[in-house]
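User: Please go through this structure with me as a set of short questions and answers. I would like the cut-offs stated as the terms come up.

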Amino acid sequence: MHDTPHDPYVRVRDAREHNLAGVDVDIPRDALVVFTGVSGSGKSSLAFGTIYAEAQRRYFESVAPYARRLIHQVGAPAVGEITGLPPAVSLEQRRSSPNARSSVGTVTTLSNSLRMLFSRAGRYPEGAERLDSDSFSPNTAAGACPSCHGLGLIHDTNEELLVPDPSLSIRQGAIAAWPGAWQGKNLRDVLDTLGHDVDRPWRELDAEDREWILFTDEQPVVTVHPVREADRIQRPYRGTYMSARRYVLRTFSDSKSPSLRAKAERFLTSAPCPACGGGRLRPEALAVTFAGRNVAELAALPLTALSCLLSTAATAEGASETARVLTEDLVARIGTVTELGLGYLSLDRATPTLSNGELQRLRLATQLRSGLFGVVYVLDEPSAGLHPADTEALLVVLDRLKAAGNSVFVVEHHLNVVRHADWLVDVGPRAGVHGGRVLYSGPPEYLAGVEASATRRFLFDRAPAPARTVREPAGWLRPGPVTRHNLRAVDTAFPTGVLTAVTGVSGSGKSTLVDALTEEVEGVGRLVTVDQRPIGRTPRSNLATYTGLFDVVRKLFTETEEARARGYKAGRFSFNVPGGRCETCQGEGFVSVELLFLPSTYAPCPDCHGARYNPETLQVRLRGLTVAEVLDLTVESAAAFFDDTPAAARSLRTLLDVGLGYLRLGQPATELSGGEAQRIKLASELQRPHRSPTLYVLDEPTTGLHPADVEVLMRQLHGLVDAGHSVIVVEHDMDVVATADWVVDLGPGGGDQGGRVVAAGPPDLVARAADSRTAPYLARALSGRA
């Protein structure tokens, strides 16, 4: 059967992408295939970096060269050959750049169907002209409200926000919204020159002057004569005044710096646009109704409620044939989204507020309706962020994709998904250089005989959760009553000095409740939130720079004999500033190559060959290694290399403790998963000596982790509690919840069906709660059943 048109296998030979060690593997088509292995073992390198990348490359080769240059594409994977490979569709958890205009409706294209329904079957005011579908979109000039440009909100500010302490003078910093350093001093000096008293307490200034200083649109230019300082010569200069309101609004709308935007947002109020009432559309579009509601009102409904309303309207007496056909199609499309446990979302829910798992499942729902067959779907942990109850619905959807004549290749850690597979590819045995081998490829039940597999133990050797004494709370935190999103005056207490798990189905309000725990809540003290946001948005940010380890490394290089002889300071060993870096690639390690009629491609820098530094810098060695070679070490190798350097050893030890020994020190932030970024943040926090009790809040810390890695992470979290701190995790992994001291379960459903505390108490108590959808799964975890 080999290499014939009817060969039922995708055959991979000599795959060497990332840490793969010349892998040969045969994977069946028209099957649900799950790739397993510990984090960093190479499973994603095989599924995405090799199989999907090669399918994509072959597709692009069939595209005209001129069109090819317009498409962002990756290079050819490091693989000998792949035969039997159909076209592939990738559904990863990576998100594009956040965009307030992107929503559930635009990602799933459900908004297009809803707009068409209003355009063709909507009820128009008498005498009104029929509108085309673009007029019902807030993202087009034809539809967007002219006052808020289709955003539905207007931002403004007030004196209380801009001047929180009116007893201070302007010189003392009364205007908290002003920028710091020279820019703030300049605005103060301009006001002084204009004749305003900058030394009187703010509350004693005339109301008219206060109004002008904070809100004027004027921008007077004056000659400023700075106050002389003994150690500096300061000459007069021309200074321009900008009111506090103008500065805050401009920073919020134009600044590319997330930290500056976040600071500006603290001084802003958001209110529904008075022209459209938050509907985002022009009045003529909002005047059109269907089933008694306008398009903005329907887009704000949870999808389950929208589906019911549309179904009722389509079958109502007097409904037109056009309305019936369009609503039937829309209801069927909504059905694929609600099947995946996302019925609590509304069409107008902004994409940046969705989790990575929610976003991937929305894309999956879109593919279900596409009708493609003969395709390989490559999915990245589709169960991420899913409650066990919702995972069962996910398995039904994956089976439907397969039944439609497709191959479904899934990178997954969730054991229920692994058990459901037709075929398993287990990669390992460990991470990084200790992985990269296929340990097993075949039906799941035969993995039981593979001793080297880290997955085998969790799949087959189930044991009851070990008996442990539940810790007694040291105190209680009461953030409520909380009324936000779907929470309605929820008033629950969180114990301190213990590990608390917050559970509930997707959309039940878990993250919203935990977000209410701020440093203002009585008893919180020091608060550390460890989320899955990237540790940096450019390849210049990496593991070593984020943890502060690179500062130690550069200091060690400056202390070498060679560096002292040459007079090199720490900056010489930074690839971010001129001096020691390679100027051809400006410390990037690669250059963009522009090709005529072909897409731009990245190639290793011709001068430094990817090392990032110039030859003179690379002549300095620390125990035989250049700074570039040190950045190329894995955390595990570096721990041995820096064993006798306490400052470096402490950072590396904490990274090893959270299971990140396989990452390279110089690994760019852009290559890290959300789970890896979260564990790097946790490691950075763990290496700091803390004397005061701290509250650690983690949102789904086990996402993207193999059960073996979850054990490592939980040892660290329990270690924090044993050291006198408090830990709260939002979690779906019932094995983790079973080890908690206290559980707060929200629900019973998502969206409007959730938002209340169903049960709270030790795990064995919550496992017996009658109304809880979590209880039966938690009971299974406690008893050791799968």
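The turns below cover the model's basis, its cores, some helix contacts and a few single residues.

User: What kind of model is this?

Analyst: Residues are numbered from 1 along each chain as its sequence is written, and side-chain values use heavy atoms, with hydrogens and water left out. Local features need pLDDT of at least 70, side-chain atom pairs count only at pLDDT 80 or more, totals for chains, interfaces and linings use all residues, and the model is predicted.

User: Which helix gives the largest share of the largest nonpolar core?

Analyst: A nonpolar core is a set of buried Ala, Val, Leu, Ile, Met, Phe, Trp, Tyr and Cys residues joined through side-chain atoms within 4.5 Å; buried means under 20% relative accessible area, exposed over 50% and partly exposed in between, with a 1.4 Å probe and protein chains only. The largest such core has 149 residues, and L364, F642, L717 and V727 touch the most other members. Seven residues, the largest share, come from residues 707–722, helix α27.

User: Which residues does L364 contact beyond its sequence neighbours?

Analyst: Contact means heavy atoms within 4.5 Å. With neighbours within four places in sequence left aside, the partners of L364 are L91, L340, L379, L394, V397, L398 and L401.

User: How many residues are in the second, separate core?

Analyst: Among the members of this core are I175, V198, L214 and V222. The second core is separate, and its residue count is 27.

User: Are helices α8 and α9 parallel or oblique to each other?

Analyst: Helices (H or I, at least four residues) and strands (E, at least two) are DSSP runs numbered from the N terminus. Axes are lines fitted to C-alpha atoms, for helices over the stretch in contact, and angles run from 0 to 180 degrees between N-to-C directions. Helix α8 (residues 244–254) packs on helix α9 (residues 258–265) with axes 8 Å apart and an angle of about 140 degrees. Angles under 35 degrees count as roughly parallel, over 145 as roughly antiparallel, 65 to 115 as roughly perpendicular and the rest as oblique, so α8 to α9 is oblique.

User: Which residues of α9 make the contact with α8?

Analyst: From α8, the contact uses V248, T251, F252 and S253. On the α9 side it uses L260, R261, A264 and E265.

User: How many residues in the contact of α26 with α27 are nonpolar?

Analyst: The axes of α26 (residues 674–686) and α27 come within 12 Å and cross at roughly 35 degrees. R679, L682 and L686 of α26 meet L713, Q716, L717 and L720 of α27. Ala, Val, Leu, Ile, Met, Phe, Trp, Tyr, Cys and Pro count as nonpolar, Asp, Glu, Lys and Arg as charged, and the others, Gly among them, as polar. The contact has one charged residue, one polar residue and, as nonpolar, five.

User: How many of the 10 residues of α20 are buried?

Analyst: Helix α20 spans residues 549–558 and is mostly covered. The cover of its buried residues includes α19 (543–547), α21 (561–566), α23 (627–631) and α25 (646–657). The buried count is eight.

User: Is T512 buried or exposed?

Analyst: T512 lies in helix α18 (residues 510–515). Not counting residues up to four places away in sequence, T512 touches R484, H485 and L487. Its relative accessibility is 11%, so T512 counts as buried.

User: How far apart in space are D197 and S253?

Analyst: D197 sits in the loop between α6 (181–193) and α7 (207–215). D197 and S253 are 56 residues apart in sequence, and their C-alpha to C-alpha distance is 31 Å.
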